[in-house]
Amino acid sequence: MTSDFPILATRIGKRPLVYLDNAATTQKPEAVLQAEREYYERLNSNIHRGAHYLSRMATEAHEQARGTTARFLNASSEREVVFTSGCTAGINLVSQVLALSGWVTAGDEILVTTDSHHSNIVPWQMLCERTGAVLRPIPLTPELTFDMAAYLDMLGPRTRIVSAPYISNALGVLNPIAQMIEAAKRNRPDCIFLVDGAQSTAHTAVDVQALGCDFYAFSGHKVYAPTGTGVLWGREELLAQLPPWLGGGEMIKEVSFTSTTYNELPFKYEAGTPNIAGNIVLAAALDYVKNIGLAKIDEHEQRLTRSLYDGLTALGGINILGPREGRGALVSVIIPGVHHYDLGTLLDQMGIAVRTGHHCCQPLMQYLGTTGTTRYSFALYNTEEDVAAALSATERALNMLL
Ligand SMILES: *Cc1c(COP(=O)(O)O)cnc(C)c1O
């Protein structure tokens with residue numbers, strides 16, 4: 001599998017690159033690079049309105065990509081798949097549309113998890129500013145897992161929206177998303193539940209119908225696809241009832257200077273020329289993942305994650321955030337007496353790419369009382385050798401720093 005990814009042959013000085021920054025973005029396999037090239041060599045054209053051959057071919061490929069995406073998520077219809085520029089765009093689309101629709105009013109409550117990414121905080125804060133709704137963070141347990149008891153206490157008659165990451169990008173902790181959705185709906189069947197799938201989509205099979213959420217957003221670039229691609233899945237009856245957001249070409253049925261009627265789903269939410277190549281290539285990436293199999297990918301990454309977790313534990317003096325079990329494919333650490341940036345810099349010199357800092361989770365960092373962590377994150381192409389290299393490099397770096 002590693003050989004499918006040309007960039008992994010990169011050398012950092014004399015050392016092979018060990019890429020452990022997959023939670024920030026994944027590398028792209030040959031199949032994805034080829035799909036992009038093929039699109040521009042054989043299909044490139046604007047879609048949905050051309051009378052000519054290339055436009056028909058491009059339109060067909062683009063709508064097939066939507067079908068592939070719908071099946072990947074087990075959506076009940078292709079009309080539920082809105083292509084976006086990424087997870088951030090998807091969450092903003094939902095929050096903006098909810099603002100326009102008057103879904104929340106002053107005093108309503110929006111719950112998010114403490115381990116949320118800024119993308120799952122700021123759009124909701126903006127909605128609160130416009131409406132007088134209140135944003136409430138759901139606390140973590142002392143083990144840094146989701147505090148179900150506190151959440152159940154917080155749910156109430158004013159809870160209109162709950163939005164949470166399936167897997168935290170800064171802790172790696174897997175949230176009990178199915179139970180969270182169930183509890184929110186039990187409290188109020190019309191509560192909107194959005195799942196931030198940025199960290200789950202490449203690692204664990206998702207069935208949006210089985211989850212019972214209302215929206216699921218993810219970024220293509222964290223699932224082996226290009227940057228600038230993404231998906232917002234939304235329940236059809238909700239999307240049909242909510243107002244459009246961006247206005248322009250494609251999202252309309254008929255326009256006059258006095259009134260406009262809107263296109264059917266999902267085109268109502270896709271104003272302007274979409275990222276045609278990107279969306280087609282995103283589907284190629286999802287096919288690549290599906291062909292290997294998410295169960296197999298998950299098992300492999302879990303093995304690497306446990307192996308790294310145990311190795312870091314054995315080094316001693318390292319505060320590994322969150323429990324060993326119930327996590328995604330990443331490990332995030334704080335090392336007393338060592339600045340995360342110094343560790344990251346030394347690891348880089350040894351060929352190991354990790355991420356350091358707040359991981360776009362400043363409120364979580366405030367909660368943890370730190371400025372940042374060092375995060376090692378895996379993808380399907382990582383190996384036990386990568387884990388061994390990361391562990392020995394970390395040990396050497398700590399010997400220099402402590
Ligand atoms: C990366 C990430 C986002 C934002 O994704 P973009 O690709 O920057 O739009 C949101 N939430 C989580 C959990 C993430 O990891």
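## Ground rules

Helices (H or I, at least four residues) and strands (E, at least two) are DSSP runs, numbered from the N terminus. An axis is a line fitted to C-alpha atoms, for helices over the stretch in contact, and angles run from 0 to 180 degrees between N-to-C directions.

This is a predicted model, where local features need pLDDT of at least 70 and side-chain atom pairs count only at pLDDT 80 or more, while totals for chains, interfaces and linings use all residues. Residues are numbered from 1 along each chain as its sequence is written, and side-chain values use heavy atoms, with hydrogens and water left out.

## Two domains

Let's start with the big picture. The domain assignment (automatic or from a database) splits the protein chain into domain 1, made of 2-20 + 293-401, and domain 2, covering 32-291. Their C-alpha centres lie 28 Å apart. Where they touch, 33 residues of domain 1 are in contact (heavy atoms within 4.5 Å) with 31 residues of domain 2.

## Helix 1 and its neighbours

Two packed helices are described by the angle between their axes and the distance between the axes. Take helix 1 (residues 30-43) and helix 2 (residues 53-73): the angle is about 155 degrees, and the axes are 10 Å apart. Helix 1 and helix 2 therefore count as roughly antiparallel. For that label, angles under 35 degrees are roughly parallel, over 145 roughly antiparallel, 65 to 115 roughly perpendicular, and the rest oblique. On the helix 1 side, Y39, R42 and L43 make the contact, and they meet L54, M57, A58 and A61 of helix 2. By class, the contact of helix 1 with helix 2 has six nonpolar, no polar and one charged residues. Here Ala, Val, Leu, Ile, Met, Phe, Trp, Tyr, Cys and Pro are nonpolar, Asp, Glu, Lys and Arg are charged, and the others, Gly among them, are polar.

Helix 1 also packs with helix 9 (residues 276-292), at an angle of about 150 degrees and with the axes 9 Å apart. That is why helix 1 and helix 9 are roughly antiparallel too. Helix 1 passes helix 9 in a right-handed crossing, the kind where the near helix is turned clockwise from the far one by less than a right angle (anticlockwise would be left-handed). From helix 1 come A31, V32, A35, E36, Y39 and Y40, and from helix 9 come I276, A277, I280, V281, A284, A285 and Y288. The contact of helix 1 with helix 9 counts twelve nonpolar, no polar and one charged residues.

## The seven-stranded sheet

Strands of a sheet pair through backbone hydrogen bonds, either parallel or antiparallel. One open sheet here has seven strands in the order 4-10-9-8-7-5-6, with mixed pairing. Pairing needs at least two DSSP bridges between two strands. Strand 4 (81-84) and strand 6 (134-138) stand at the edges with a single partner strand each, so one side of each has no neighbour in the sheet. On average, neighbouring strands of this sheet are turned by 20 degrees against each other, direction ignored.

Strand 9 (residues 215-219) pairs with strand 10 (residues 230-234) in the antiparallel sense over five bridges. If you want to spot one, S219 has G230 in strand 10 as its bridge partner. Helix 6 (residues 177-187) packs on the sheet and touches strand 5 (109-113), strand 7 (159-165) and strand 8 (192-196), with its direction at about 165 degrees to that of strand 8.

## The four-stranded sheet

Another open sheet has four strands in the order 13-14-17-16, with antiparallel pairing. Strand 13 (319-320) and strand 16 (355-357) are at the edges with a single partner strand each, so one side of each is left without a neighbour in the sheet. Strand 13 and strand 14 (residues 330-334) pair over two bridges in the antiparallel sense, and the bridge partner of N319 in strand 14 is I334.

Helix 10 (residues 294-315) packs on this sheet, touching strand 13, strand 14 and strand 17 (373-377), with its direction at about 20 degrees to that of strand 14. Helix 11 (residues 340-349) packs on the sheet as well, touching strand 16 and strand 17, and its direction makes about 40 degrees with that of strand 17.

## Two backbone details

The peptide bond from L265 to P266 is cis, with omega near 0 degrees. P266 sits in the loop between strand 12 (260-262) and helix 9. N74, in the loop between helix 2 and strand 4, has a positive phi of about 55 degrees although it is not a glycine.
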